[in-house]
Amino acid sequence: MLERINETTKFLKDKGFINPDAGIVLGTGLGGLTAKMENCIEVDYKDIPNFPVSTVEGHAGKLIFGDFGNKKIVAMKGRFHYYEGYGSEQVALPIRVLKYLGIKCLFLSNAAGGVNPDFRIGDIMIITDHINLLPNPLIGQNDDRIGARFPDMGEAYDKYLIKRALLIAQDHKIRVHKGVYLSTSGPTFETPAEYKYFRIIGADAVGMSTTPEVIIARHMNLPVFAVSIITDLGVEDKIAYTTHQSVLDEAAKTEERMTSIMTDMISAL
Ligand code: HPA
C-alpha cells in the first residue's frame with residue numbers, strides 16, 4: 001500500500017500539487033465549491049495512477065488543486081462508495097495520498113437523510129460523532145508506518161474545528177445542528193423501520209459515505225471536520241419518496257451556505 005501511496009503522491013507533486021494546507025471531499029451534489037478555487041490544476045481520477053474511478057452521477061471524478069481564499073487546497077470532486085463495489089483499499093488510497101501530499105486537515109461533506117425529528121430539509125448538520133455500519137476500511141494487514149493497528153476513535157471529529165464552525169454559522173446566521181452521522185452501505189434508501197431503528201440507536205442523520213474516509217484519516221492522526229446536508233427526512237409521517245435526483249436538488253439548494261462555512265473554516269486554518 002505505501003508504495004502505491006508514494007507513487008501516486010509523486011505523480012501529483014510532479015503535476016504541481018505542492019504544499020496543500022487542507023483536503024476536502026465533496027459529497028453528492030456539493031461539487032460547486034470548486035468554482036471558488038483559483039489557479040487550479042485539475043486531474044481526472046482516471047488519469048491518476050492507482051486511483052479508482054467514480055461511477056455515480058453527481059460525482060465528477062476529478063482531483064483539483066488550487067487557491068481557496070488565502071489557502072491552498074486539494075479537492076476531491078467525487079468520492080468512492082462501497083455500494084459501487086469498491087473495497088477498503090480503493091476507498092483508503094485517495095485519503096492517504098492527500099495526507100502524504102501534506103494536508104493538515106481533512107474536510108468532508110455529504111448528503112444525508114435526517115432522522116432527528118427537529119431537522120428540516122436543507123438543514124446543515126455538523127458531525128460530532130459517527131456510527132460506522134460499513135465494513136471498517138482498516139480490516140486487513142496494518143502498515144505501522146501509516147498508522148497504529150488499533151486507532152482510538154474517542155474524538156474522531158476535531159472539537160476545535162466544530163467550535164469554530166458553530167461560531168462561523170452564528171456569524172452568517174446559518175441554521176446548523178450538531179449530530180451523529182450513521183453510515184450504511186446503501187444503495188437503497190431506508191425503509192421506515194430502518195430509519196426508526198437508526199434513530200433509536202443514536203443517529204441524527206444517515207448516509208452512505210464519510211465514515212470510511214474519517215477512519216482512514218484518523219488512522220493517520222489527521223484532524224477531520226465534516227458536515228451533512230439534510231436532503232430528505234427519515235422521520236415518521238415526514239418520509240417522502242426519495243430519489244438520487246431529489247437528493248441532488250436539495251443538496252444544490254444548500255450548497256451556498258455549506259460553502260460559506262467551509263470557506264471561513266479553511267481561511268482560518
Ligand atoms: N439515506 C441514506 N443515504 C442518504 C439519504 C438517506 O435518506 N439521503 C441522502 N443520502
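Visitor: Leaving aside its neighbours within four places in sequence, which residues is P187 in contact with?
Guide: Welcome! This is a predicted model, and P187 sits in the loop between β7 (176–183) and α4 (192–200). Once neighbours within four places in sequence are set aside, the contacts of P187 are Y83 and M208.

Visitor: Is P187 buried or exposed?
Guide: A residue counts as exposed when its relative accessible area is over 50%. P187 has a relative accessibility of 58%, so the label for P187 is exposed.

Visitor: How far apart in space are P187 and N39?
Guide: In sequence, P187 and N39 are 148 residues apart. In space, going from C-alpha to C-alpha, the distance between P187 and N39 is 36 Å.

Visitor: Which residues are around the ligand?
Guide: One residue already mentioned as a contact of P187 is M208, and M208 is also around the ligand. The full list is A111, A112, G113, F189, E190, Y195, V206, G207, M208, T231, D232 and V247.

Visitor: Which side chain has an N or O atom 2.6 Å from a nitrogen atom of the ligand?
Guide: Let's go through the polar contacts. A polar backbone atom of G113 is 3.3 Å from a ligand nitrogen, and an N or O atom in the side chain of Y195 is 2.7 Å from a ligand oxygen. The protein buries 96% of the 260 Å² that the ligand exposes when taken alone. The side chain you asked about, 2.6 Å from a ligand nitrogen, belongs to E190.

Visitor: What span should helix α2 have, and what is the distance between its end C-alpha atoms?
Guide: Helix α2 covers residues 88–101, which makes 14 residues. At 1.5 Å a residue the helix should span 20 Å, and this agrees with the distance between its end C-alpha atoms, 20 Å.

Visitor: How many residues of α2 are buried?
Guide: The cover over the buried residues of α2 includes α1 (2–14), β1 (22–26) and α5 (211–219). Among the buried residues are S88, V91, I95 and L101. The helix is mostly covered, and of its 14 residues the number buried is 10.

Visitor: Why is β3 largely enclosed by the rest of the structure?
Guide: Strand β3 is joined to β2 by five bridges, running antiparallel, with E42 opposite I64. On pairing with β4, β3 again runs antiparallel, over seven bridges. The strand is largely enclosed because, of its seven residues, the number buried is six.

Visitor: Which residue in the turn between β3 and β4 has a positive phi?
Guide: The two strands form a hairpin with two residues between them, and K72 in β4 is the bridge partner of D67. The turn residue with a positive phi, about 60°, is G69.

Terms used: Residues numbered from 1 in each chain as written. Predicted model: local features only at pLDDT ≥ 70, side-chain atom pairs only at ≥ 80, totals over all residues. Heavy atoms only, no water. Helix = DSSP H or I, 4+ residues; strand = E, 2+ residues; numbered from the N terminus. Expected span 1.5 Å × (residues − 1). Buried < 20%, exposed > 50% of the residue type's maximum accessible area, 1.4 Å probe, protein only. Contact = heavy atoms within 4.5 Å. Near = heavy atom within 4 Å. Polar contact = N/O pair within 3.5 Å; in protein donor to acceptor, adjacent residues only side chain to side chain. Areas by Shrake-Rupley, 256 points an atom, 1.4 Å probe, with all protein chains shown as cover. Pairing = 2+ DSSP bridges.
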